[in-house]
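Work through the exercises below with the sequence and the coordinates open. Try each task before reading its solution.

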Amino acid sequence: PTPTPTPIPMDPSQPLVLVPPAVAQGEPLLVRLREPNAERVVALLDQQELPLQRLDGETWAGVLAAPADISPGHQPVYVTVIRPGGETVPYNAMLTLHSGGYAEESINLDLSEAPERATWIDPAVREGEHARLRELSAAVSPERLWSGTWRAPVTVTVSSMFGTRRDYNEGSYAGRHSGLDLRAATGTPILAAARGRVSATETFEILGNSVWLDHGWGVHSGYGHLSEILVQPGAIV
């Protein structure tokens, strides 16, 4: 039989719900609001702002993610409803945040034999790439292109987890790993984690050959360190 998604019930006494109501640092959550008189709805967590999308005549939804470095405890999720004519109506709900339990790792790069690797740990180069990725992630497409459970883009060994604190060459760079490293042989086919539209294909100094997918609703996924790029911007994959 074909599985059918089960609708998430809306508590009549609580028009704003967070699903789940508790997440760890770096994890996503669904924000749903029942508001029949809204023209636009915007949600805010920490410094992340996201326009919600209309599901039907009175229900709005969107996917937020708790930043990996947000403080554990209770954090408010603010939702602002803009009604026709400009009237605003505020809502808020408390989100419980648990520690992500992120580990630390120290990496030593031998720059004597390969001095070009110095750019890999240059904070200016890294911040330039992060700025470009933030620009790509800022797009919010109203159509949700994915459905169901996401899958791993390749079934191989995980060589470095998301969120790990990294130290290069004894303090030359201290930052957080913002991706999930999967070790695979050169030429291994990489699949889209979910249906999406190719929004960019670029080559970075650190991230290398990269493909960025827009899945709709402000949800994106990126694939880096690729040996080849086999898709073009605009393609549905």
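**Exercise 1. A pair of hairpins**

How many bridges join strand 15 to strand 16, and do the two run parallel or antiparallel?

Solution. The model is a predicted one.
- Step 1: strand 15 and strand 16 run antiparallel and are joined by seven bridges.
- Step 2: to fix the register, take Thr 203, which stands opposite Asn 209 in strand 16.
- Step 3: look at the connection; three residues lie between strand 15 and strand 16, and the two strands form a hairpin.

Now follow the chain onward and describe how strand 16 pairs with strand 17.

Solution.
- Step 1: strand 16 covers residues 208–216 and strand 17 covers residues 219–226.
- Step 2: six bridges join them, and they run antiparallel.
- Step 3: Asn 209, already placed opposite Thr 203, has Leu 226 as its bridge partner in strand 17.
- Step 4: this pair also forms a hairpin, with two residues in between. Trp 217, in the turn, has a positive phi of about 65°.

**Exercise 2. The cavity**

Find which residues line the largest cavity, and state which elements they come from.

Solution.
- Step 1: count the cavities of 30 Å³ or more; there is one.
- Step 2: the volume of the largest cavity is about 30 Å³.
- Step 3: its lining consists of Leu 133, Leu 136, Ala 200, Thr 201, Glu 202, Phe 204, Ser 210 and Trp 212.
- Step 4: helix 1 (123–137), strand 15 (197–204) and strand 16 are the elements that give two or more residues to this lining. Strand 15 gives the most, with four residues.
- Step 5: sorted by class, the lining has five nonpolar, two polar and one charged residues.

**Exercise 3. The open sheet**

In what order do the strands of the four-stranded open sheet lie, and which strands are at its edges?

Solution.
- Step 1: the order is 1-3-7-6, with antiparallel pairing.
- Step 2: strand 1 (16–19) and strand 6 (53–54) are the edge strands, as each pairs on one side only.
- Step 3: inside the sheet, strand 3 (residues 28–34) pairs with strand 7 (residues 59–65) over seven bridges in the antiparallel sense.
- Step 4: for the register, Arg 34 has Thr 59 as its bridge partner in strand 7.

**Exercise 4. The nonpolar cores**

Which residues of the largest nonpolar core touch the most other members?

Solution.
- Step 1: this core has 23 residues, and those that touch the most other members are Leu 29, Val 31, Val 41, Leu 45, Leu 64, Val 79 and Leu 95.
- Step 2: strand 1, strand 3, strand 4 (40–45), strand 7, strand 8 (73–82) and strand 9 (88–98) each supply at least two residues of the core.
- Step 3: strand 9 accounts for the largest share, four residues.
- Step 4: take Leu 45 as an example. Beyond its neighbours within four places in sequence, its contacts include Leu 29, Leu 64, Ile 70, Val 77 and Leu 95.
- Step 5: another core of seven residues lies apart from the largest one; Ala 192, Val 211, Leu 213 and Tyr 223 are among them.

**Exercise 5. The whole chain**

Give the overall make-up and dimensions of the protein.

Solution.
- Step 1: the protein has one helix and 17 strands.
- Step 2: its C-alpha trace spans about 65 × 40 × 40 Å along the principal axes.
- Step 3: 33% of the 237 residues count as buried, where buried means under 20% relative accessible area.
- Step 4: among contacts between residues at least 6 apart in sequence, 58% join residues at least 24 apart.

Terms used. Residues numbered from 1 in each chain as written. Predicted model: local features only at pLDDT ≥ 70, side-chain atom pairs only at ≥ 80, totals over all residues. Heavy atoms only, no water. Pairing = 2+ DSSP bridges. 1 Å grid on protein atoms, 1.4 Å probe; cavity = no way out; pocket = protein on both sides within 12 Å on 5 of 7 lines; lining within 4 Å. Points joined across faces, edges and corners; volume = space filled by probe spheres on them. Nonpolar A, V, L, I, M, F, W, Y, C, P; charged D, E, K, R; others polar. Core = buried A, V, L, I, M, F, W, Y, C linked by side-chain atoms within 4.5 Å. Buried < 20%, exposed > 50% of the residue type's maximum accessible area, 1.4 Å probe, protein only. Contact = heavy atoms within 4.5 Å.
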